[in-house]
Amino acid sequence: MPSSGYDAACLPDLLPLYYRRLFPFAQYHRWLNYGGVQKNYFQNREFSFTLKDDIYVRYQSFSTQTELEKEMLKMNPYKIDVGAIYSHRPNQHNTVKSGTFQALEKELVFDIDMTDYDDVRSCCSAAEICSKCWTLMTIAVHILDRALRDDFGFQHLLWVYSGRRGVHCWVCDEAARKLSVAARSAVAEYLSLVKGGDETVKKVVLTDPLHPFIRESLAVVERYFPQYALHEQEILSRKESVDKVLALVPEDILFLFQCCIYEGNKACSRASRWKLAVIRSLCLQATAKKGQHFEKEIMLQYCYPRLDVNVSKGVNHLLKSPFSVHPKTGRISVPMDLEELDTFDPLAVPTISLICEELDRPRAAGGGEESEDVKEKENEKDAAERRKIRDYKRTSLAKYVKYFDQFLDGLALSWKGELLKKSDLEKDF
Amino acid sequence: MQFSGRRRKVITSPQVELYGQALQFYGQPPLENMSLSEFESFAVDRLKLLKTIENLGVSYVKLSDDYKRKLDNESRNLNFPYRPDAVPDDRKSQVGPSEYEKRRKDHISHFILRLAYCQTEDLRRWFIQQEVDLFRYRFNGLQPKQKVEFLHKNNLQYDTISVEEKKTLQDKLVNSSHNVSGITVEDQDFYKVPFQDALDLVRTRKVYLKAGYVYIPHQDIVAIVLNDFRTRLSKALALTARSLPAVHSDERLQPLLNHLSHAYVGQDYSIQKNVGKISLEQIDSLSVKSFPLCMRQLHQALRDSHHLRHGGRMQYGLFLKGIGLSLEQALQFWRSEFIRGKVDADKFDKAYAYGIRHMFGKEGKRADYTPYSCMKVILSNLPSQGDHHGCPFRHSDPELLKQKLQFYKVSPSGISQILELVKGMHYQLACQKYFELTHSIEEASFSLNHPNQYFIESQRVLGGGKDIKREVGTPQRSQENSAARGSTADREAAAAANAAKDLPEMTEDLDSFFQDA
């Protein structure tokens, strides 16, 4: 689906339209309010806005959904970030005695950015992405989603496309929101396998025994490796890329490995050449202890998710909000349905220009909608609300909001129990 | 705590109860009276012990034989408990203080240092780290039976898993940890512990994790205990900080507590003595002659790509502040370099200038950040793809490090000496060796623990000793100025000049002890 030519210069005109008629405020508030189980949860949440001309304002907070809507319409933010829930209303933090204003809770978040993979992707670099390297994100989501659910027991994960070159994960479980800095850092490090900067050549080192987490992650990587690395990225096809791979192979089998890669150029498929090289080298190595996982280390170095630990560590860290617009690409940061993860195409995500344009299209010939029109004449406010709901449903944004609704339904089950408990306690008195 | 001038006799029976266990969580503060001199000597001794622990932790693998032996010695010399199986009122078999007296000293000194180290995030972090290491070493020395006793006495009740569940999970349990074999699974109880209570094991992936619980064999329960200790101590320090004003109102205590907390850091290079003495043109040549390898690398990366990521900007930017760059110079320096890259002047002013002013304490909470010490560079904020910060001796591939040293014209024999030290994890010694080789001196007269220290020492060697005079001439700032953390001029002047008369003799010893470290 082609996106309308997006021009950043149109943002000042598109944003008001987006916020007035498309941004899903009801769902957004439903999320951040978390059922109202904890007092002032929404009111004490910090938001930050980036306004026109890169003016950045922090410590924004709102008492109600209506106030949030009003302010956003007034300020017209180009970017919206969500921060922590504080001990007091963030917009009053200056009135609080120094030292007592503290970040208390926040979702556990992860940020995977494509630029962190620049040393292992050949198709793009920096801010560019394409369908070939997007597989890296697919792999990352599969691996992290599994680990956060199966290993850590989290259930309410919201994966969001960042709008340009990566994905974010918001872990919304109550236990996750209450995690300390040390705990967040520990989770992030558990999930990290690729270590080292430009000065480190071999970034993944595995030792026996292989932890079940590594085994599970490898299973995912192995599924994608032949197609992604050997075919699309062609890591064995050009000399510079082959050299990079060879730099990760232990010295004692390097020669054999090299020969296997270069021979059979015409006859074998790339996947077979790789397999052959690996098997022969491992046989040679059968008795050696060191470097026996080299092929796994190579696959992981090329494919395993690279997280920025600092993003996940801080309770007060601000992260781009779902449904925020990315000013450079115009794309909306949409939630991702994991059932359709393998077919997710970041370049097909609707831009703000597209959905605003879709709003202007004449109403689809649908008799059903007309009769609804007639029925809902009474309450002005309700009608405006319903109009807005119908509005986004007419655009490409619809399916993403629907998915967000499903996510929220699941989340709501968890706080229903809490609310019952609370009301029971109150009745006892 | 009440303090009297004279030592009062201590009641034995309830105290024997109190010190019945070799190891404790320090849940209850001491409730006795003691003399001021004992107060001071206890505190100073414990600080020496913690300092030793810090140094040993960098030079040796924790709990290795060398580490334990050295720590045993130090504990013995300072009259702290070191043999967990000694009985409290056994006074006959030992010369010197009894086990009971050692445990009492341990208990009291811990609480005194809490007062000194609760005030800032940095102090707390340091204190907690050393106390956790001390605890680990002591818990490790307990017999298995004593460990179980300890767990029960301290309310660490965790559930064990059934035999069936153990069988089902056997392979996964064995593969999750070096220590766990098939036999371990069969013989030992496995505890199911919420992952938040076992962070150290989770962080290093040394344990099996399922649905938010870690499965720990009885033998490994120490990690849990440590986590618990750390959490309790952290909370306690936060509480202590709130009652500090009351403590500080006691004039006898305030000077000592301030001096104790300044002493740990050693020089922090936060007070710039040479502001404006370095010109921007000098930096390229200085980076070759007088910068430690980590900063030389960062400077080179900056010149090459006209950019540095956040970690690199912090580490290098603060270092430059420490060597004497003013805020204006820093802004000019970074701006001119970034402009050569992809950043235009406007973007620099919007996005990066703020960060630099922040470093100099002109933005946000106006904290004047101190340049990173070697410990901080080595241990925190690991570099990842695209980063150039960190310690090259620690974070670079040995091959790449070797090439770099060759490129910098270090002799082959020098390089192999350095690589040997790196292999033994003696990163600071490796850097010191690099210093010796690049300055053509036999042996460095200092013990390297800070990049800015490297710079100052280098300038000293190259300039023939001119710097020394400037430092000693700085007037002494006494303990009235307790808000300032610029202990540099403080300590040196105190040691060199005759200001020591104002401080009790004890603290003068403290100074010289830490200068030698």
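Me: What share of the residues of chain B count as buried?
Reply: This is a predicted model, and in it 50% of the 517 residues of chain B count as buried. To earn that word, a residue needs a relative accessible area under 20%.

Me: And what is chain B built from, in terms of secondary structure?
Reply: Chain B has 26 helices and four strands. Its accessible surface comes to about 25,200 Å², and carbon and sulfur atoms own 50% of that.

Me: How do you know how far along the sequence the contacts in chain B reach?
Reply: Take contacts between residues at least 6 apart in sequence; of those, 67% join residues at least 24 apart. A contact here means heavy atoms within 4.5 Å.

Me: What makes B:C374 buried or exposed?
Reply: Its relative accessible area is 11%. The cut-off for buried is under 20%, so B:C374 is buried. You'll find B:C374 in helix α18 of chain B.

Me: Which residues is B:C374 in contact with, once its neighbours within four places in sequence are left aside?
Reply: That would be B:Q428, B:L448, B:N449, B:H450 and B:P451.

Me: Why does B:C391 count as buried or exposed?
Reply: Same kind of test. Its relative accessibility is 10%, and anything under 20% is buried, so B:C391 gets the buried label. B:C391 sits in the loop between α18 and α19 of chain B. Beyond its neighbours within four places in sequence, B:C391 is in contact with B:V377, B:I378, B:S396 and B:Y427.

Me: Which residues does UniProt list for "binding site"?
Reply: The unreviewed UniProt entry lists B:C294, B:C374, B:C391 and B:C431.

Me: Why say they gather at one spot, if they span 138 residues in sequence?
Reply: No two of their C-alpha atoms are more than 9.9 Å apart, so they do come together at one spot despite that span of 138 residues. B:C294, B:C374, B:C391 and B:C431 are also part of the lining of the second largest cavity.

Me: How many cavities does a search of the whole structure find?
Reply: Six, counting those of 30 Å³ or more. The second largest has a volume of about 110 Å³, which is over the 30 Å³ asked for in the search.

Me: What makes a space a cavity rather than a pocket?
Reply: A cavity is a set of points where a 1.4 Å probe fits but cannot get out, whereas a pocket is open. Rolling a probe the size of a water molecule over the atoms shows where empty space is left.

Me: Which residues lie nearest the centre of the second largest cavity?
Reply: B:C294, B:C374, B:C391, B:C431 and B:P451, out of 15 lining residues. In chain B, α18 (374–379), α19 (392–395), α22 (427–438) and α23 (451–463) each supply at least two residues of that lining.

Me: How do the residues of that lining divide into nonpolar, polar and charged?
Reply: There are 13 nonpolar residues, two polar and no charged. Cys and Pro both count as nonpolar, so B:C374 and B:P451, which line this cavity, fall in the nonpolar group.

Me: Over to chain A. Why is A:R306 called buried or exposed?
Reply: A:R306 has a relative accessible area of 6%. With buried meaning under 20%, A:R306 is buried. It lies in the loop between α11 (294–303) and α12 (309–313) of chain A.

Me: What is A:R306 in contact with, leaving aside its neighbours within four places in sequence?
Reply: Among them are A:D111, A:D116, A:D119, A:V194 and, from chain B, B:Q385. A:R306 and A:V194 are 112 residues apart along the chain, with their C-alpha atoms separated by 6.5 Å.

Me: Why does A:Y59 count as buried, partly exposed or exposed?
Reply: Its relative accessibility is 24%. Buried needs under 20% and exposed needs over 50%, so A:Y59 counts as partly exposed. A:Y59 is in strand β2 (residues 55–60) of chain A, and has a positive phi of about 55 degrees although it is not a glycine.

Me: And A:E234, buried, partly exposed or exposed: which is it?
Reply: At 28%, A:E234 is partly exposed. A:E234 is another non-glycine with a positive phi, about 50 degrees.

Me: What kind of peptide bond joins A:D208 and A:P209?
Reply: A cis one, with omega about -10 degrees. A:P209 is in the loop between α6 (181–190) and α7 (212–232) of chain A.

Methods
Residues numbered from 1 in each chain as written. Chains lettered and ligands numbered in written order. Predicted model: local features only at pLDDT ≥ 70, side-chain atom pairs only at ≥ 80, totals over all residues. Heavy atoms only, no water. 1 Å grid on protein atoms, 1.4 Å probe; cavity = no way out; pocket = protein on both sides within 12 Å on 5 of 7 lines; lining within 4 Å. Points joined across faces, edges and corners; volume = space filled by probe spheres on them. Buried < 20%, exposed > 50% of the residue type's maximum accessible area, 1.4 Å probe, protein only. Areas by Shrake-Rupley, 256 points an atom, 1.4 Å probe, with all protein chains shown as cover. UniProt positions renumbered as here; feature names shortened; annotations may be inferred.
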